[in-house]
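Got your viewer open and your selection tool ready? Let's take a walk through this one together, stop by stop.

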Amino acid sequence: MRLWMVGLGLGLALSGAAAWGQASAVPGVQVPAAAGKSGRELMEAMVGALGGEAWVNRQTWIVEGRLATFYKGLPDAGAPAFEEYGRTNPFGLRVVRVSHYGAVIATDHRDVAEVWTKDGGWEITYKGTAALPGKEVADFERAREHSLDVVVQEWLREKDTVVTYAGAKLVESELVDEVSVVSESGDSVEVRMDQRTHLPVSVGYRWRDPEYKDWNTEVVAFADYHEVQGIMTPYSIVTMRNGDKTGERFVTKVVYDVALGAEVFDPKQRLEKKGK
């Protein structure tokens, strides 16, 4: 079971906040009445609701929780624990699966890890390191390119990016505002945010399968927000493809801006052998 999807729930952070004015740094920024809403104003309100400068400037994080995967909408057996270590610059992500053994006393074992950098992805065990298949790397990079952080911190800074308010929608009995963001390259995402809190509810995008030439729709949905160090953090993240659930992440603990050594993101750093 691949683990990289858990790194997409919080969004993969990039550095820098100069492009965001003071309004973006104030949680609960007010937006105009429905008839006059601007897509960019709503995106700024969303950033403010997430924590403003604290959200934009986060540099590292550690996340703990459990991950469930699905096939054709049905859950696979088990929901293993995971540990995720992230860094913004240079980009790095390490996700470790944690299994619990022992009939009498539970023992934690780090079974397998995945490390992602700007140069690719690797699977790591105590035996060594192997490069991940090209398709999985392509999936990861596509998801990262459409993550909330990249949209906010890259797309919105491009002078020819088009940001449009697409109107209010009713999603599971809750009103959300939908904003369409189209980058200079013509790529696009749909961002939905809660009308009351302005917190993001989901990010979605479409892409054409290079082999079968059909279109796929990917959605990452966020819920159960908790404030952590001034940052509103979703503790429930669901990924979907073409309407079918593909993964669900349940977060139990998050810490931001902790010291992480370079070895954490070194693909050559093996896991300890079981029993140690």
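Start by selecting β9, β10, β11 (200-208), β12 (215-228) and β13 (231-241), since these are strands that each give at least two residues to the lining of the second largest pocket. Keep in mind as you go that this is a predicted model. The pocket holds about 680 Å³ of space. Its lining counts 30 residues, and the ones nearest the centre are Val 171, Val 201, Ser 202, Ala 221 and Phe 222. Show those five as sticks to find the middle of the pocket. Which strand supplies the largest share of the lining? That's β12, with seven residues.

**Stop 1: the strands around the pocket**

Now follow the chain from strand to strand. Begin at β8 (residues 162-171), which runs antiparallel to β9 (residues 174-182) and is joined to it by nine bridges. To see one of these, select Val 162 together with Val 182, its bridge partner in β9. Val 182 has another partner too: Ser 188, over in β10. β9 and β10 (residues 188-194) are antiparallel as well, joined by seven bridges. Five residues sit between these two strands in their hairpin, and in the turn you'll find Gly 186 with a positive phi of about 95 degrees.

Move on to β11 and β12, an antiparallel pair with seven bridges. Pick Tyr 205 and its bridge partner in β12, Glu 218. The hairpin here has six residues between its strands, and Lys 213 in the turn has a positive phi of about 70 degrees.

Next, how many bridges join β12 to β13? Ten, and the two strands run antiparallel. Val 220 and Thr 239 make a good pair to click on, as Thr 239 is the bridge partner in β13. Two residues lie between the strands of this hairpin, where Gln 229 has a positive phi near 55 degrees.

**Stop 2: some unusual backbone**

A bit of background before you click: most residues other than glycine have a negative phi, and most peptide bonds are trans. Let's look at some exceptions.

Select Glu 172 in the loop between β8 and β9. Its phi is near 50 degrees, a positive value in a residue that isn't glycine. Buried or exposed, would you say, for Glu 172? It's exposed, with a relative accessible area of 75%.

Then go to Asp 224, which sits in strand β12 itself. Here phi is near 55 degrees, again positive in a residue other than glycine. Asp 224 is partly exposed, at 46% relative accessible area.

For a peptide bond, zoom in on Asn 89 and Pro 90: the bond joining them is cis, with omega at about -5 degrees. Pro 90 belongs to the loop between β3 (81-87) and β4 (92-101).

**Stop 3: helix α1**

Select residues 39-50 to light up helix α1, which has twelve residues. From the first C-alpha to the last it reaches 17 Å, close to the expected 16 Å. Nine of the twelve residues are buried, so α1 is largely enclosed by the rest of the structure. Among the buried ones are Leu 42, Met 43, Met 46 and Leu 50.

Look at both ends as well. At the N-terminal end Ser 38 acts as a cap, with a side-chain oxygen 3.3 Å from the backbone nitrogen of Arg 40. Just past the helix comes Gly 51, whose phi is positive at about 135 degrees.

**Stop 4: two residues and their contacts**

Click Ala 54, found in helix α2 (residues 53-56). This residue is partly exposed, with a relative accessible area of 31%. Setting aside neighbours within four places in sequence, Ala 54 touches Gln 229, Gly 230 and Ile 231. Try a distance as well: the C-alpha atoms of Ala 54 and Met 232 are 9.6 Å apart, although 178 residues separate them along the chain.

Last pick: Thr 117, in strand β5 (residues 107-117). At 15% relative accessibility, Thr 117 counts as buried. Beyond its neighbours within four places, Thr 117 is in contact with Phe 91, Trp 122 and Phe 265.

**Zooming out**

Show the whole chain again: you have four helices and 14 strands in view. Of its 276 residues, 50% count as buried.

Conventions: Residues are numbered from 1 along each chain as its sequence is written. This is a predicted model: local features need pLDDT of at least 70, side-chain atom pairs count only at pLDDT 80 or more; totals for chains, interfaces and linings use all residues. Side-chain values use heavy atoms; hydrogens and water are left out. The expected span of a helix is 1.5 Å times one less than its number of residues. Buried means under 20% relative accessible area, exposed over 50%, partly exposed in between (1.4 Å probe, protein chains only). A polar contact is a pair of N or O atoms within 3.5 Å; within protein, one must be able to donate a hydrogen and the other to accept it, and residues adjacent in sequence count only if both atoms are side-chain atoms. Two strands pair if DSSP finds at least two bridges between them. Contact means heavy atoms within 4.5 Å. On a 1 Å grid over the protein atoms alone, a cavity is a set of points where a 1.4 Å probe fits but cannot get out, and a pocket is an open set with protein on both sides within 12 Å along at least five of seven lines; lining residues have an atom within 4 Å of a point. Grid points are joined across faces, edges and corners, and a volume is the space filled by probe spheres set on the points.
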